[in-house]
4 protein chains.
Amino acid sequence: MRIGVLTGGGDCPGLNAVIRAVVRKGVTAYGHEFVGFRDGWKGPLEGLTKPLGIAEVRGILPRGGTILGSSRTNPFKIEGGVEKIKANLAEQGVDALVAIGGEDTLGVATKLHDLGVKVVGVPKTIDNDLNGTDYTFGFDTAVNIAMEAIDRLHTTAESHHRTLVVEVMGRHAGWIALHAGLAGGANVILLPERQFDVEQVATYVTKRFQVEYAPIVVVAEGAQPLDGQMVLHNQELDSFGHVRLGGIGQWLAEQLEEKTGKEARTVVLGHIQRGGTPTAFDRVLSTRFGLQAIDAVHEGDFGKMVALKGTDVVRIPLIEGTGELKTVPIERYEEAEVFFGN
Amino acid sequence: MRIGVLTGGGDCPGLNAVIRAVVRKGVTAYGHEFVGFRDGWKGPLEGLTKPLGIAEVRGILPRGGTILGSSRTNPFKIEGGVEKIKANLAEQGVDALVAIGGEDTLGVATKLHDLGVKVVGVPKTIDNDLNGTDYTFGFDTAVNIAMEAIDRLHTTAESHHRTLVVEVMGRHAGWIALHAGLAGGANVILLPERQFDVEQVATYVTKRFQVEYAPIVVVAEGAQPLDGQMVLHNQELDSFGHVRLGGIGQWLAEQLEEKTGKEARTVVLGHIQRGGTPTAFDRVLSTRFGLQAIDAVHEGDFGKMVALKGTDVVRIPLIEGTGELKTVPIERYEEAEVFFGN
Amino acid sequence: MRIGVLTGGGDCPGLNAVIRAVVRKGVTAYGHEFVGFRDGWKGPLEGLTKPLGIAEVRGILPRGGTILGSSRTNPFKIEGGVEKIKANLAEQGVDALVAIGGEDTLGVATKLHDLGVKVVGVPKTIDNDLNGTDYTFGFDTAVNIAMEAIDRLHTTAESHHRTLVVEVMGRHAGWIALHAGLAGGANVILLPERQFDVEQVATYVTKRFQVEYAPIVVVAEGAQPLDGQMVLHNQELDSFGHVRLGGIGQWLAEQLEEKTGKEARTVVLGHIQRGGTPTAFDRVLSTRFGLQAIDAVHEGDFGKMVALKGTDVVRIPLIEGTGELKTVPIERYEEAEVFFGN
Amino acid sequence: MRIGVLTGGGDCPGLNAVIRAVVRKGVTAYGHEFVGFRDGWKGPLEGLTKPLGIAEVRGILPRGGTILGSSRTNPFKIEGGVEKIKANLAEQGVDALVAIGGEDTLGVATKLHDLGVKVVGVPKTIDNDLNGTDYTFGFDTAVNIAMEAIDRLHTTAESHHRTLVVEVMGRHAGWIALHAGLAGGANVILLPERQFDVEQVATYVTKRFQVEYAPIVVVAEGAQPLDGQMVLHNQELDSFGHVRLGGIGQWLAEQLEEKTGKEARTVVLGHIQRGGTPTAFDRVLSTRFGLQAIDAVHEGDFGKMVALKGTDVVRIPLIEGTGELKTVPIERYEEAEVFFGN
């Protein structure tokens, strides 16, 4: 059997560990051959390949990023895209695909499977917001990086009697903010799942200063204040139309400085949350995902994605992982609120 | 309500995070009072206490160890032990206990509960071998420390064409060895759950050198060779009757050096696996354990221990966690074997 | 003898280690007493004190920040400031001061010494730009934090074929950018000491993509393009008149995206560079600084600051450390240029 | 010009950074060609080579170990060794050598230079005991690893009221023990440079327990008790005649347990001190060493080794670095003693 492998979407620690596990077990246990497709769906679309065997996966387990490259190319948005993919897979003699990616990448995989392409999916998102799996790899690494940054910021906040606002990843789901905030001992945590009242946040901050400690506020990049509170928050797009770094965090720090009379500073963690070597949790999870994915391919169990349920790695229909987003349940947020302002 | 808190058994990253969560929620949300008992069951046995309030738990979230101290004292092995505990609890005006510890500590808690003491347990073991919970806190930290050590050892092994044997914790269960070995890209992993054939290990090691890479062998301290293979392995007790550091690891390295003709070295990670700041996973888990434990106490739901099931923190009868050990299932070990010798 | 200790200016890993060494040796070896002044020169100015003895300095060696708090208060800018300080020192029975801080704090110390206050200085700047000492503590920690961030960003840059611009601290001197850039394998390093040609930077970036690797550009926050190149770079002040996060880094990324046709992203490390536990280098240096400072006080050798020369910690006149800034010599920059664009 | 590069002796973080800097500048700035010799002096002795160009040094800056391999082979101990080396250099068309190593490797380089081989040396020793240079690369990394281990052990020592003895590298010089001990807040530091009195150590340990803290004792592997104190310390060689892991540390822990009546445990850090990614200090130092070495070669300035003096990288005669060992001066040890037992 000849199997293609690709990685799509934003990079994430653990991608290389998945690739390695797929190839190591595929070659050693089953005798399959592999071909790497470059840059997500762009690879099979344009016939961009890379050799992929035991030699290519040596030493990549601890490395962040993906040796195959990535992109956000969607073949369904390109005329004749699907036909090109089928033609290129045929030309490369590829019998089946392992597609590693997030909602978009797996969404394409789902549709291609319906059109007859043999594919197994491996879920990937640093934001931990994919349904059907308890956790995705990369998330634990991101949370640890954010926590270490928060640990560092505590001493600066105390020394200068300042509020420090830490903006972390999470446009639609607040998992990183919730876990990093809990782990870092944040005094307020703000998520996209619930609009926040900037007056209430200022009250928490003030209360914290009263006990002679300085507050850390962790805010997900997608968190929003109550309707009407952000009248001052405009022109936050840069000249390329991107959201400017320090969007919500910067705005919030300015508000808190004004409302509490204490200096406030912002730190935007940005891309350092998604690069670099994975944690042990993410290396084990991505390795087990890879082993389960190649087993599925070997057994001809296509249209599935692998998933973590408790301590087991199982297979579920691709469609289950790519429906609606897995956001933070309100009870998990309320569980954390006991620490706010204290 | 006045609640006693104690920590027993070997120290473990996350103990302080549990204590903090119990006290923060107990005081803030429920208005309870707390008293700390020092050094495990020795505290209530001998009436050794420590003030425990919001002030005492400030800043302890990231700190390893336990501010309450620990011991392996078992009141059931001391004459009149139970009566002394009951008397001291009464004297301190303690209505209920939160006992944080492993099999021994929770075993005592179970028996005391049967004798009328109101107690809630929080499971703790770095070895992850307690039944009833998917994971225990401290385990993730230990695995990451071991993985980082293995990462470092790879470059030494390669540079000197040597075998490196890494001995990790795990007397009865091989969870740390399995996860650290998978995460660190070990070439052989040896667990207490299955006796190993030293000839087979030597074959794996030789095979690895043939592909021009140097092998890392991860061995749990409790792993054993096949019956009859360890004739040379004697007098491994020091002058105090303790198992000498470098027991199985040292023996194995000597054997591999002899059988493969390649230099072999041992590293025994020892106590650095159990100290220091917890990972994010362990900080979140221990915090959630603490919150659930104080909820149980507040609701009068005694005789229970908290546990992780999937992503939920639940309560189970104390007895369920302290029965038999949770060892590594054979299928988890076989899953890892595909990487051996490659 | 009764000795006051204060820390001024921005916080910096190692401040607590200095305080601890001063107090430990002062009490143990010499039998002196100590009093802590809060928040830099604000402390003696307003008579804000804190107990400072062996108990207070236990466990603070590995902690970032300063247990004494800090501020940028300058008594020479306050009417009657010097008199108030003298009065408060007299009231506290303080015979001599150890002042730990950067150019501003030590500048005040110098002037107070001229006015008869017995003071010894300990140089502190994360930017490493104080004259008279080979290195200041905190710098090594900042460089390591920046390097680790750059290590992480490499994999993201490669995976997405993007330019990553990393903005590090350094308004007037580029030491952090130079060392972190060298250590992190940056492809271009930009310093305040030399205006850069944005066209040349774009050429380096393009060259790097041609060898199939993605570029990392490290830019000090105070680096500036050639005169006239920054026409687009305006309104970078926020509503509080602070320089907006992502000033030069954000501008440069936009320019590079436009000129090279490759996506570019910015990461602004900000305050995480100055918080948290110090590296071994900084803990040893700050401890030795503290020991030398208390020796100077004990010997009555006032008007001096401690300094590192090679491997020796020596004393130099305070005035030598607070004259002109120690910027990066042009030959050190040219030494690094061999790596640019490759 | 065609230049050979080799690395000898024990591996050390920063070796790859030296190789990279030599090759990058040699090719880019000067147009030289390179060949790698494998496994130290064994390479030129047996004609074992490896291609070495820009492609081979990509990505190796952060990697520990050495891509060229290492050995302790000494051509002067092999009949006809020097002639074989000369012949192999001639056959490979090699005009000059860059030899990176410690006392042994540079000792060979010195003798070969006297015999007409054009060679430049780069000093390397994790122990920091080479004369002529303020620091060697690898040392800072080793000290940080040891310090992080000590940080972790503090919490275990406190929680269990135990003495923890940490054995670190240093057979003949105690630099790692001194710096790691100072940085880690050890309560006693023991070096090879001064025999210790085990009774005095026990007194320090007891004193520490009296202030309610638990002691950490850092001992260099080459430290020795006073003559006559180690009567119990025998049979410490394993069946291969190697010094058994846990030699002095294990012995000391047993002694302290007996003399103080408090449990004591040993941790032997061993090989984890020398592997893995270098710190920023070591990456910058090794990069600057490499740049200076290739400059020396290019200028025909042979028989020299590079060295750090203050903040400058300079060249000194090879013979200066390989004479006597640089041990810890007694005044540096006494400087640290103020912290003992407190």
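**View 1. The largest cavity holds about 410 Å³ of space.** This view, like the ones that follow, comes from a predicted model. Count the residues around the walls of the largest cavity and you get 27, with Tyr135(C), Asp140(C), Phe281(C), Tyr135(D) and Phe281(D) lying nearest its centre. Two chains share the job of building those walls: α6 (139-160) and α10 (280-299) of chain C, plus α6 (139-160) and α10 (280-298) of chain D, are the elements that give two or more residues to the lining. What kinds of residue make up the lining of the largest cavity? Sorted by class, there are 16 nonpolar, 5 polar and 6 charged residues. If you go hunting through the whole structure for other cavities, the search turns up 7 of 30 Å³ or more.

**View 2. The second largest cavity has about 240 Å³ of space.** Here 19 residues do the lining, and the closest to the centre are Phe281(A), Val284(A), Tyr135(B), His179(B) and Phe281(B). Which elements supply at least two residues each to the lining of the second largest cavity? They are α10 (280-298) of chain A and α6 (139-160) of chain B. The largest share comes from α10(A), with 5 residues. As for the mix, you'll find 11 nonpolar, 4 polar and 4 charged residues in this lining.

**View 3. Helix α7 of chain B is mostly covered.** This helix spans residues 175-184, and 10 of its 10 residues are buried. Read along α7(B) and the buried residues are Trp175(B), Ile176(B), Ala177(B), Leu178(B), His179(B), Ala180(B), Gly181(B), Leu182(B), Ala183(B) and Gly184(B). You've met one of them already: His179(B) is among the residues closest to the centre of the second largest cavity. What do the buried residues of α7(B) pack against? Part of the answer is in another chain, namely α10 of chain A; the rest is in chain B, with α6, β6, β7 (188-190), β8 and α12 (330-337). Just past the end of α7(B) sits Gly185(B), which takes a positive phi of about 70°.

**View 4. Strand β6 of chain B is largely enclosed by the rest of the structure.** Why can we call β6(B) largely enclosed? Because 6 of the 6 residues in this strand (residues 163-168) are buried. In a regular strand, side chains alternate between the two faces of the sheet. You can follow that pattern here: Thr163(B), Val165(B) and Glu167(B) sit on one side, Leu164(B), Val166(B) and Val168(B) sit on the other, and both faces are covered. β6(B) also has strand partners. With β9 (residues 264-268) of chain B, β6(B) pairs in the parallel sense over 5 bridges, and Leu164(B) has Arg265(B) as its bridge partner there. Another 5 bridges join β6(B) to strand β8 (residues 216-220) of chain B, again running parallel. In β8(B), look for Val218(B), the bridge partner of Val166(B).

**View 5. His161 has a positive phi in chain B and in chain D.** Most residues other than glycine have a negative phi. His161(B) goes the other way, with a positive phi of about 50°. His161(D) does too, at about 55°. Where do these histidines sit? His161(B) is in the loop between α6 and β6 of chain B, and His161(D) is in the loop between α6 and β6 (163-168) of chain D. Buried or partly exposed? His161(B) has a relative accessible area of 34%, so it is partly exposed. With 34% relative accessibility, His161(D) counts as partly exposed as well.

**View 6. Strand β2 of chain D is largely enclosed by the rest of the structure.** Of the 5 residues in this strand (residues 33-37), 4 are buried. How many bridges join strand β1 (residues 2-7) of chain D to β2(D)? There are 4, and the two strands run parallel. To find your way along the pair, pick out Gly4(D), which stands opposite Val35(D) in β2(D).

**View 7. Chain A is assigned two stretches of structure as domains: domain 1 (2-138 + 276-321) and domain 2 (139-273).** The centres of these domains, taken over C-alpha atoms, are 34 Å apart. Where the domains meet, 14 residues of domain 1 are in contact with 12 residues of domain 2. Now look from chain A to chain D: they do not touch, and their nearest C-alpha atoms are 11 Å apart. No contact joins chain B and chain C either, and their closest C-alpha atoms lie 11 Å apart.

Methods: Residues numbered from 1 in each chain as written. Chains lettered and ligands numbered in written order. Predicted model: local features only at pLDDT ≥ 70, side-chain atom pairs only at ≥ 80, totals over all residues. Heavy atoms only, no water. 1 Å grid on protein atoms, 1.4 Å probe; cavity = no way out; pocket = protein on both sides within 12 Å on 5 of 7 lines; lining within 4 Å. Points joined across faces, edges and corners; volume = space filled by probe spheres on them. Nonpolar A, V, L, I, M, F, W, Y, C, P; charged D, E, K, R; others polar. Buried < 20%, exposed > 50% of the residue type's maximum accessible area, 1.4 Å probe, protein only. Pairing = 2+ DSSP bridges. Contact = heavy atoms within 4.5 Å. Domains from an automatic or database assignment.
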